[in-house]
Amino acid sequence: MRSTRATAEMEASVLSIRDLDVRFRTQAGELHAVRRVSLDIARGDTLAIVGESGSGKSQTMLAALGLLASNGIVAGSAKLDGVEMVGASQKALDRLRGRRVAMIFQEPMTSLDPLYTVGSLLVTTIKRHQGLGAAAARAKAIAMLARVRIAEPEARLSSYPHELSGGQRQRVMIALALANRPDLLVADEPTTALDVTIQAEILELLAELQAEMGMAIAFITHDLGIVRRFARHVAVMRGGEIVETGPTHDVFANPRDAYTRELIDAEPSGRKMPIVADAPILLEARDMRVHFDLRLGFFGAKRLAIKAVDGVDVQVRAGETLGIVGESGSGKSTLARALVRLAPAAGLVRFEDRALLPLSKAQLRPVRRSLQLVFQDPYGSLSPRLTVGEIVSEGLRVHSPELSANARDARAAAALEEVRLDAALRHRFPHEFSGGQRQRIAIARAIILRPKLVLLDEPTSALDRSIQKTIVELLRELQAKHGMGYVFISHDIATVRAMADRIAVMKDGKIVEEGPTETLLGHPQADYTRRLLAAAALERGTARPI
């Protein structure tokens, strides 16, 4: 019989999960993802759920909210203010989701409908749940965009998701989730795509709204620095089970489980070997410019000139890593796409001895084997209709057509092993993997062609710290073995320090400072660089929860 105190705690909980069990039917058999998990989240409290990718963090909350994939099977109980959600009808869940409970998903590009503008998505959500008229809903949508620190919020109402940076899309997701003032917010890696300065602002915003509304937050993350600052309680998951729970300070100060200690101690470390003095230049860009017009208002009557990349010079030598850091929207990802001809650009881009911008698509195709890119959003770049093995070996069909199907499959298996994934998993589909696992699949797809230069756009952003450390070590190992050059884009200063020979700091489409890694991080010259480093130090610190 449950004690009186336990009963009172359960009744005070906004969300009460009991013996939650999640399984998935797969071609390889049944996968047991979550094993008899029990959790309580009190009104006004913040519970961080942490653990390695694949530990069951996201699946626990997706199951509780009735959002599992069609091949998922859930048992147990998940009550929102006493209302059972496991097994509830779609109509009943629709009344709760979006109003009483909201979720910020890990990958905003796949969660935002590409056919609708930001304004349409926000206004529709607000009107449906609050019964406001079009004008009032539009005004509230503008206010929410402003609160999540999106510049020119009224203009951004007309933007489509693909016109925003990864960080901007994540902030739109946060605005959508908070617009209806839910009782419970489930935040699944809500700051993954954001640089450290915006992370701090978003966490302050969530804390402010939580205090204002008494909102409970379930915060799923792999970033223990954020957990220290933001969460009052923490639950550590491994292999689908909870191995430790408690107040955040107690768990960090005196972890009882060895796995918890491993997570706390894990951070990318070490430094890469310096390149040889006469290493040849792989990539050189001069006066790179990516400008475009954003049309606003009815029939595009108003135009806003955007200088996404504005007069940028970069150079990468064989075996060298150039780290590029800056706030979301600073032009980092646009620069990466322009360098590999995935965005229209002006200026000079030379790869080895060839100028890339004048090349036709046919002339560019053989160059692409040596010039690969790992995208920021792995789920959006992995075909849901192909198995992982087919995805990883896809480039071989184009660039090594002489290989047999068996040979391609063997190469795919080897590439997956290189990124620390079991080769037997290659027969599964992308939706059967966690966000961190999908990121590793994307890396395997790039390295299978043994390119000379890889542009890595936030390649570790979706990974927990322990896996980040493994991936950083793997990338350094591959670089030393094959002499590849990297352009490494990230908002994570610790990871960039462990990867880069040189760092370029971008702001508003320009490089404001560049230099050797230790020199730039130890003695930054630009005020903007100093602000970035101060925010990164705060994130890694042990400050009390917000």
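**Figure 1. Lys507 sits over the ring of Tyr528.** In this predicted model, Lys507 lies over the face of Tyr528. The distance to the ring centre is 5.6 Å. Lys507 closes strand E19, which runs over residues 502–507. Just past that strand we get to the loop that leads to E20, and that is the place of Asp508. Asp508 has a positive phi of about 50°, although it is not a glycine. Is Asp508 buried or exposed? With a relative accessible area of 55%, Asp508 is exposed, because the cut-off for that label is over 50%.

**Figure 2. Positive phi turns up at Asp287 and Arg341 too.** As background, most residues other than glycine have a negative phi. Asp287 goes the other way, with phi near 50°. Where is Asp287 placed? Its place is in strand E11, residues 281–296. Asp287 is partly exposed, at 36% relative accessible area. Arg341 comes just after helix H13 and takes a positive phi of about 65°.

**Figure 3. Helix H13 keeps its buried residues on the same side.** H13 covers residues 332–339. Which residues of H13 are buried? They are Lys332, Leu335, Ala336, Ala338 and Leu339. These residues span an arc of only 165° around the axis, so they end up on the same side of H13. Follow the chain just beyond H13 and you meet Arg341 with its positive phi.

**Figure 4. An open sheet of six strands.** The order across the sheet is E16-E17-E18-E13-E19-E20, and the pairing is mixed. Which strands stand at the edges? Strand E16 (371–374) and strand E20 (510–516) do. Each has a single partner strand, so one side of each is left without a neighbour in the sheet. On average, neighbouring strands here are turned by 15° against each other, direction ignored.

**Figure 5. E16 meets E17.** Take a look at how edge strand E16 pairs with strand E17 (residues 453–457): the sense is parallel, over four bridges. Leu371 has Leu453 as its bridge partner in E17. Further along, Leu373 stands opposite Leu455, and Val374 stands opposite Leu456. Although E16 stands at an edge of the sheet, both of its faces are covered. Leu371 and Leu373 are buried on one side, with Gln372 and Val374 buried on the other.

**Figure 6. E17 is largely enclosed.** How many of the five residues of E17 are buried? Five of the five are, so the strand is largely enclosed by the rest of the structure. Leu453, Leu455 and Asp457 are on one side, while Val454 and Leu456 are on the other. Besides its pairing with E16, E17 pairs in the parallel sense with strand E18 (residues 485–489), over five bridges. Leu455 has Val487 as its bridge partner in E18, and Leu373 of E16 stands opposite Leu455 as well.

**Figure 7. The aromatic pair of Phe219 and Phe230.** A search of the whole structure finds one aromatic pair. Phe219 and Phe230 form it, and the arrangement is tilted, with 4.9 Å centre to centre and 55° between the planes. The pair links distant parts of the chain: Phe219 belongs to strand E8 (residues 216–220), Phe230 to helix H10 (residues 224–230), and they are 11 residues apart. Are these rings on buried or exposed residues? Phe219 is buried, at a relative accessible area of 1%, and Phe230 is buried too, at 3%.

**Figure 8. Met215, in the loop before E8.** Met215 is found in the loop between helix H9 (196–213) and E8, the strand that holds Phe219. At 0% relative accessibility, Met215 is buried. Met215 and Arg100 are 115 residues apart in sequence, yet in space they are 9.9 Å apart, C-alpha to C-alpha.

**Figure 9. Domains of the chain.** For orientation, here is the domain assignment. Domain 1 covers 2–264, domain 2 is made of 281–370 + 451–540, and domain 3 covers 378–448. How many Å separate the centres of domain 1 and domain 2? Taken over C-alpha atoms, 30 Å separate them.

Definitions and conventions: Residues are numbered from 1 along each chain as its sequence is written. This is a predicted model: local features need pLDDT of at least 70, side-chain atom pairs count only at pLDDT 80 or more; totals for chains, interfaces and linings use all residues. Side-chain values use heavy atoms; hydrogens and water are left out. Rings of Phe, Tyr and Trp (its six-membered ring) pair if their centres lie within 6.5 Å; planes under 30 degrees apart count as stacked, over 60 as edge-to-face and the rest as tilted. Helices (H or I, at least four residues) and strands (E, at least two) are DSSP runs, numbered from the N terminus. Buried means under 20% relative accessible area, exposed over 50%, partly exposed in between (1.4 Å probe, protein chains only). A charge sits over a ring if NZ of Lys or CZ of Arg is within 6 Å of the ring centre and within 35 degrees of the ring normal. Domain bounds come from an automatic or database domain assignment. Two strands pair if DSSP finds at least two bridges between them. Axes are lines fitted to C-alpha atoms, for helices over the stretch in contact, and angles run from 0 to 180 degrees between N-to-C directions. The arc is that of the directions from the helix axis to the C-beta atoms.
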